[in-house]
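The exercises below are meant to be worked with the sequence and the coordinates side by side. Try each task before reading its solution.

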Amino acid sequence: MNIILSMFFSGNIAFLLFILIEKIYKYLFSQKFKYTILKFSLFLYITPLGYIKTYLERKYYIFNKNHNIINFFIDGNKPYIIISSGKSFYNTAFKIELGTFIIWICFASLIFIYYLFTFTKTKKYIFCMAHLVTSPYILDIRDKYLNKLHIKQNIYIYQINQNISPFTIGFFRPIIVIPEIENSSELDLILYHELCHIKRKDGYILFFRLLITGIYWFNPLNFLLNSYLSKTCELACDELVIKDSNLTTRKKYANLIIKLSTYDNISTQKTTLSFNNNYKIISERIQFIMKLTNSKSYLAVFFFTVLISCSMMPILAYEPVQKFETEAEIYIPSTDEFIAYNSEKNSFIVEDKIKIFYEKQFTDLDGNIYNVDIPTSINNCEHTFLDGVFSTHQKNTTGGCTIINYASQICTKCNYLKINNFLSKTEYATCPH
């Protein structure tokens, strides 16, 4: 879930900055620029850039100031996995994250199934009610704009004998569905608009829009982003259609939008690119078509740079789930909250979770603490050893102290203490014990 949250915050930052810029400088930027910013926000939601950062960090130490890492500490609030001798150990944070992931994936799967069902149902309806266009006149218009827009893909057009709003459906092999229209100028504008969607690869963008809606079903901003993308996608196509057009052509195009808004919309808006996919933005589209605006390219570059810089911050803070594999003995306390890995000793040790009550003490795996002394001789006893950590607490003249930990064992019968490997040494400027 860490990578999901990293993408979540990056996408949110980019989108919120877009909203702020759009509200303040609404008429200074082209619809193409706004659409690019929104697609960039979408890109951040679905691209695990944190993995790239981690790869570079581990291979080239780009983000690490210290290239020679001796100790690696794992906080109990961060998930980790330790694998030793075929056995796996998971801390509480990892188990919580795993449970959250299962809940998240279940809801996301249900949403994806719903979208798939809706998309299949719409395509089935089209093939039942529509017929493939073979009219040379309509195909000539299509070919004219295919050449103008440099589209090499063969696009099929279907026609329905009803007053329906035109739309494009299909992510990878899009098709255009149109009503029966006798007015040649209207048909010309409709096909140009729909082919602009295909030229801009809006079908792919729609696919990823549905993807992030499913992935981030818990995030209201993603539904708002989807709405903005839907609106700006249409405005960007309108902008391309009316580019270099005179006032008469813009009026015809505006009237066409108003006319088609009265037609039935048989397409399901979530899975298609409809000519009139949202009645609420028709007024805004008309105003945009009839009003010429001059975009500020230098401001666009500046704001885009600021937006990229701010949205990269969560990615730089991303930390993956920690996973270690070792053949060394692992000491894991019952609290399972804080473990450190010492690469020099090739062992895992407990840090700071050992409470210091005595100058010399033994802490077993259950956290029980015993006041002990270092043995001078071996007792005549058949020892039954209990694993744990032996700690010494030494105060100094400046008011600080030093804690030294050793892997050790204590006999449950005679309290004989067997000291094994050195684990760690911690120095405090001021003694907290």
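**Exercise 1.** Which residue of β15 stands opposite K395? Starting from that pair, describe how β15 is joined to the strand before it.

*Solution.* The model is a predicted one. In β15, the residue opposite K395 is C401. Moving along the pairing, one finds that L386 has I410 of β15 as its bridge partner. Strands β14 (residues 385–395) and β15 (residues 401–411) run antiparallel and are joined by 11 bridges. Between the two strands of this hairpin there are 5 residues, and G399 adopts a positive phi near 95 degrees.

**Exercise 2.** Place β15 within its sheet, and identify which strands stand at the edges.

*Solution.* Consider first the other pairing of β15, which is with β16, is antiparallel and extends over 9 bridges; within it, I403 is bridged to T426 of β16. The hairpin of β15 and β16 also has 5 residues between its strands, and here N415 takes a positive phi near 65 degrees. The whole sheet is open and consists of 5 antiparallel strands in the order β13-β12-β14-β15-β16. The edge strands are β13 (369–371) and β16 (417–428), and because each has a single partner strand, one side of each is left without a neighbour in the sheet. From one strand to the next, the twist averages 25 degrees.

**Exercise 3.** Is N405 buried or exposed, and with which side chain does the side chain of N405 make a polar contact?

*Solution.* N405 belongs to strand β15. Of the 11 residues of that strand, 9 are buried, so β15 is largely enclosed by the rest of the structure. The relative accessible area of N405 is 4%, and since buried means under 20%, N405 counts as buried. Its side chain makes a polar contact with the side chain of S391, at 2.7 Å.

**Exercise 4.** Determine which residues of α10 are buried, and what covers them.

*Solution.* In α10 (residues 282–290), the buried residues are I282, R285, I286, F288 and I289. They lie on the same side of the helix, because the arc they cover around the axis is only 165 degrees. Their cover includes α2 (31–46), α6 (184–199), α8 (220–241) and α9 (247–260).

**Exercise 5.** Describe the largest nonpolar core and the surroundings of F15.

*Solution.* The largest nonpolar core has 46 residues, and F15, F18, Y216 and L225 have the most contacts inside it. Setting aside neighbours within four places in sequence, F15 touches L38, S41, Y45, L221, L224, L225 and Y228. Another core, of 36 residues, lies apart from the largest one, and F288 is among its members, as are I198, L235 and C237.

Technical notes. Residues numbered from 1 in each chain as written. Predicted model: local features only at pLDDT ≥ 70, side-chain atom pairs only at ≥ 80, totals over all residues. Heavy atoms only, no water. Buried < 20%, exposed > 50% of the residue type's maximum accessible area, 1.4 Å probe, protein only. Helix = DSSP H or I, 4+ residues; strand = E, 2+ residues; numbered from the N terminus. Arc of directions from axis to C-beta. Contact = heavy atoms within 4.5 Å. Pairing = 2+ DSSP bridges. Axes fitted to C-alpha atoms, helices over the stretch in contact; angles between N-to-C directions. Polar contact = N/O pair within 3.5 Å; in protein donor to acceptor, adjacent residues only side chain to side chain. Core = buried A, V, L, I, M, F, W, Y, C linked by side-chain atoms within 4.5 Å.
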